[in-house]
Amino acid sequence: MLRKIQSNLNKLKRKVDPFDNMQRFTKVGQYHVGAVEATPHRQNYYLVVKYNNQNVLKQYLIPEDEHLELKSYQRSWSKKLKRFHAFEEISSKRRYIMQENIEKFSERVKKFIQPNTFNIGLITDTFDRQLMASENLKSDGLQQIEEFNTLGELGLLDLKVHLGNWISGCDEGYTSQKRLIDMRNAFQDGQIPFVNLKGNCDDNDSYDEQEPKWPSFGEREFEDIMWHKMYQQEALSFIYSGNGVSYYDYQNFRIIFINTSDLPYDIDSHGQKRFNTKKNTGR
């Protein structure tokens, strides 16, 4: 009897997922969905389910009423997770469930903001990479930054800071460089002052440990990509731009940013990195 009850509960759970009602639409076709399925802002959409050219099962949300100027979304099926990933807006790649959560969070926080409040937004360990370590680990560092930018667009932030580990450091050098550039451009978008700190993965050392023929990043690769525009900001002060130390003054309050990510190494005669183990373990 208990087994039968549990079996029925499991079937019900698969049929109606309270977190994501549209997971149940796995058969190719077109459906009408709306508030019951927790669509973006609870508007009416066509849900199109089909396979793409790579034979990956996809879901698309297409606005039923074009006059409402709603956005379109898509997502893919994960064989490993046996479910769809989160819907992403096709144009911005942002997940609408994150957008809505951030908007709700902003509404709550704004009730407590006083006239002299200074708000800092922090993001860290985005670990962006081109290839997925496994199917449930998406390469979404850039997506995280784009979604984080929503806080600034909603007028909530006076300063935003990335605390480091922008990338996982596992890709080839030119790939990691390109991803850093894309993330830098996304993070500095807008009128809000920003600080780009460096993490211990941001010298692409994970790749060099596996492919030690020559350094995938040249000396000061991260610094040259990430700090030039940062130090050009009038709002940000520094004594020397080469060490990652900077400060930001607000009225009689000073915020100091210190780079603690240094991984000292030399390049030997074979072009390989030789790390100073004593200094690394003493951090």
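Let me start with the buried side of helix α3. In this predicted model, the buried residues of α3 are G141, Q143, I145, E147, F148, N149, T150, L151 and G152. Note that the list includes Q143, E147 and N149 along with I145, F148 and L151.

What do these buried residues pack against? Two of the partners are helices, α2 (96-110) and α4 (173-187). The others are β6 (88-89), β7 (120-123) and β8 (159-162).

As for the helix itself, α3 covers residues 141-153, which is 13 residues. From the first C-alpha to the last, α3 reaches 19 Å, close to the 18 Å expected at 1.5 Å a residue. Just after α3 comes G155, with a positive phi of about 80°.

Next, the strands around β4. Strand β4 takes in residues 73-78, and it pairs with strand β3, residues 57-63, in the antiparallel sense over 4 bridges. If you want one position to look at, Q59 has R75 in β4 as its bridge partner.

Strand β4 is also joined to β6, again antiparallel, by 2 bridges. Here Y73 is partnered with E89 in β6. Recall that β6 is among the elements that the buried residues of α3 pack against.

Then there is β5, residues 83-84, which runs antiparallel to β4 and is joined to it by 2 bridges. Across that pairing, W77 stands opposite F84. The two strands form a hairpin, with 4 residues between them. In the turn, K82 has a positive phi of about 55°.

Now to the surface. Which residues make the nonpolar patch? They are I120, L122 and L163, and the patch is about 260 Å². L122 sits in strand β7, and β7 is another of the elements packed against by the buried residues of α3. Is L122 itself buried or exposed? L122 is exposed, because its relative accessible area is 53%, and the cut-off for exposed is over 50%.

Last, the chain as a whole. It has 8 helices and 14 strands. Of its 283 residues, 40% are buried. Taking the contacts with a separation of 6 or more, 55% are between residues 24 or more positions apart. The accessible surface comes to about 17,500 Å², and carbon and sulfur atoms account for 51% of that.

To go back over the main points: the buried residues of α3 pack against two helices and three strands, β4 is joined by bridges to β3, to β6 and to β5, and L122 is an exposed member of a nonpolar surface patch.

Notes:
Residues are numbered from 1 along each chain as its sequence is written. This is a predicted model: local features need pLDDT of at least 70, side-chain atom pairs count only at pLDDT 80 or more; totals for chains, interfaces and linings use all residues. Side-chain values use heavy atoms; hydrogens and water are left out. The expected span of a helix is 1.5 Å times one less than its number of residues. Buried means under 20% relative accessible area, exposed over 50%, partly exposed in between (1.4 Å probe, protein chains only). Contact means heavy atoms within 4.5 Å. Two strands pair if DSSP finds at least two bridges between them. Patches are made of residues with over 30% relative accessible area and no salt bridge: like charges are joined within 9 Å, nonpolar side chains (Val, Leu, Ile, Met, Phe, Trp, Tyr) within 5 Å. Accessible areas come from the Shrake-Rupley method with a 1.4 Å probe; for residues, only the protein chains shown count as cover. A salt bridge is a side-chain nitrogen of Lys or Arg within 4 Å of a carboxyl oxygen of Asp or Glu.
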